[in-house]
Amino acid sequence: MTWTIRSLFLGVFLLAGCKHGAGTPPTTPTAPQACDAQQAQISREADERAAPWSVDQHLAKNFPGKKVSWLMTDAAYQNFVVKPNAQNFGRCNESGCYLFAAPSETIQAAVEKSMVNGAHDPAVIGQALGLPAKNFEGPLRMMTLDLAATGVCVRLPVDADPGVWKCTSDEDTDCFKFGGYTSGGVPELMVIDAPVSQAVVTEIP
C-alpha cells in the first residue's frame with residue numbers, strides 16, 4: 001500500500017517545529033523500541049542530532065499515556081485501509097509503513113472540543129492541531145494505538161521520512177522542521193508499521 005497524498009493523514013502532522021522543554025532524561029526507555037536495524041540507526045542519528053533531546057525524553061514528556069492517535073477522512077480510510085485490506089497504516093515503501101501520530105489525549109481533546117450539535121467543526125480541529133481546516137472536512141476516523149501493547153517501532157521524525165513536506169526557504173512555516181513537534185506545537189512521533197488490527201477506530205461525524 002503506497003500512499004501518495006500525505007494530507008490524507010489529517011492528524012499525522014505534516015509540519016514540525018522544534019520546541020523542546022526542559023526535563024530530566026529518563027534512565028530507561030519509556031516505550032518499546034522494536035525497531036529493525038535500519039530504523040534503529042535512523043533513531044540513533046535523530047537522537048544525536050536532537051541532543052540533549054531524545055525520543056525517550058519525547059515519549060516521557062509528551063506521551064505519558066503511551067498511546068498515539070491520528071485522524072483520516074472516512075473516504076481516505078475506506079480507500080487506503082478497508083478496500084486494499086491494508087495490514088499497516090501509513091505511507092509504505094520497501095522498508096516499512098511510516099505514520100506520523102500525536103498523543104491520543106491531544107487528538108481526542110481537539111475532537112471533543114470541535115463537536116457541535118452532534119458533528120465536528122473542521123475549523124476547531126484545524127486550529128487545535130495547527131493544520132488547515134479543509135483537511136478535516138466531512139466524516140472522519142480517529143485511530144488510537146497503544147504503543148506499550150503493540151511494541152511498535154517509534155522514533156523522532158526526520159527529513160528523509162516518506163511524506164515529509166520540505167521547507168523551500170527560511171520563511172516557510174507550513175513545512176517539516178526537525179524536533180518532534182508540528183509547526184502548531186503539537187508533539188509528533190514517527191510510528192513504523194502501525195498494525196491496522198490493533199488500532200481502535202472511532203467514527204467522527
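Two rings of Phe, Tyr or Trp (for Trp, the six-membered ring) are taken as a pair if their centres lie within 6.5 Å. In this predicted model, that rule gives a count of 1 aromatic pair. The partners are Trp70 and Phe89, which meet edge-to-face, with 5.1 Å from centre to centre and 75 degrees between the planes. Trp70 belongs to strand E1 (residues 67-73) and Phe89 to strand E2 (residues 88-89), so the pair ties together parts that are 19 residues apart in sequence. Trp70 and Phe89 are both buried. Another ring, that of Phe178, has a charged neighbour: Arg49 lies over its face, at 4.0 Å from the ring centre.

Strand E1, the home of Trp70, is a helpful place to continue. Of the 7 residues in E1, 6 are buried, and the strand is thus described as mostly covered. E1 runs antiparallel to strand E7 (residues 140-146), and 7 bridges join the two. Within this pairing, Met72 has Arg141 of E7 as its bridge partner. E1 also pairs with strand E4 (residues 96-103), again in the antiparallel sense, over 2 bridges. Here Val68 stands opposite Pro103 in E4.

The residues of E1 come up again in the interior. The largest nonpolar core has 39 residues, and Val68, Trp70, Met72 and Phe89 are among those with the most contacts inside it, together with Leu145, Leu189 and Val191. Helices H1 (37-50), H2 (55-62) and H3 (74-82) each give two or more residues to this core, as do strands E1, E4, E7, E8 (153-155) and E9 (189-192). A second core is separate and has 13 residues, including Leu71, Ile107, Phe136 and Ile204.

Finally, the cysteines deserve a look, as the structure holds 2 disulfides. In one of them, the sulfur atoms of Cys35 and Cys153 are 2.0 Å apart. This disulfide links distant parts of the chain, with Cys35 in the segment before H1 and Cys153 in strand E8, 118 residues apart. The torsion about its S-S bond is about 90 degrees, so the disulfide is right-handed. Are its two ends buried or exposed? Cys35 has a relative accessible area of 18% and is buried; Cys153, at 4%, is buried as well. The other disulfide joins Cys92 and Cys97, whose sulfur atoms are 1.9 Å apart. The torsion about the S-S bond of Cys92 and Cys97 is about 105 degrees, so this disulfide is right-handed. Both Cys92 and Cys97 are buried.

How values were computed:
Residues are numbered from 1 along each chain as its sequence is written. This is a predicted model: local features need pLDDT of at least 70, side-chain atom pairs count only at pLDDT 80 or more; totals for chains, interfaces and linings use all residues. Side-chain values use heavy atoms; hydrogens and water are left out. Rings of Phe, Tyr and Trp (its six-membered ring) pair if their centres lie within 6.5 Å; planes under 30 degrees apart count as stacked, over 60 as edge-to-face and the rest as tilted. Helices (H or I, at least four residues) and strands (E, at least two) are DSSP runs, numbered from the N terminus. Buried means under 20% relative accessible area, exposed over 50%, partly exposed in between (1.4 Å probe, protein chains only). A charge sits over a ring if NZ of Lys or CZ of Arg is within 6 Å of the ring centre and within 35 degrees of the ring normal. Two strands pair if DSSP finds at least two bridges between them. A nonpolar core is a set of buried Ala, Val, Leu, Ile, Met, Phe, Trp, Tyr and Cys residues joined through side-chain atoms within 4.5 Å. A disulfide is a pair of cysteine sulfur atoms within 2.5 Å.
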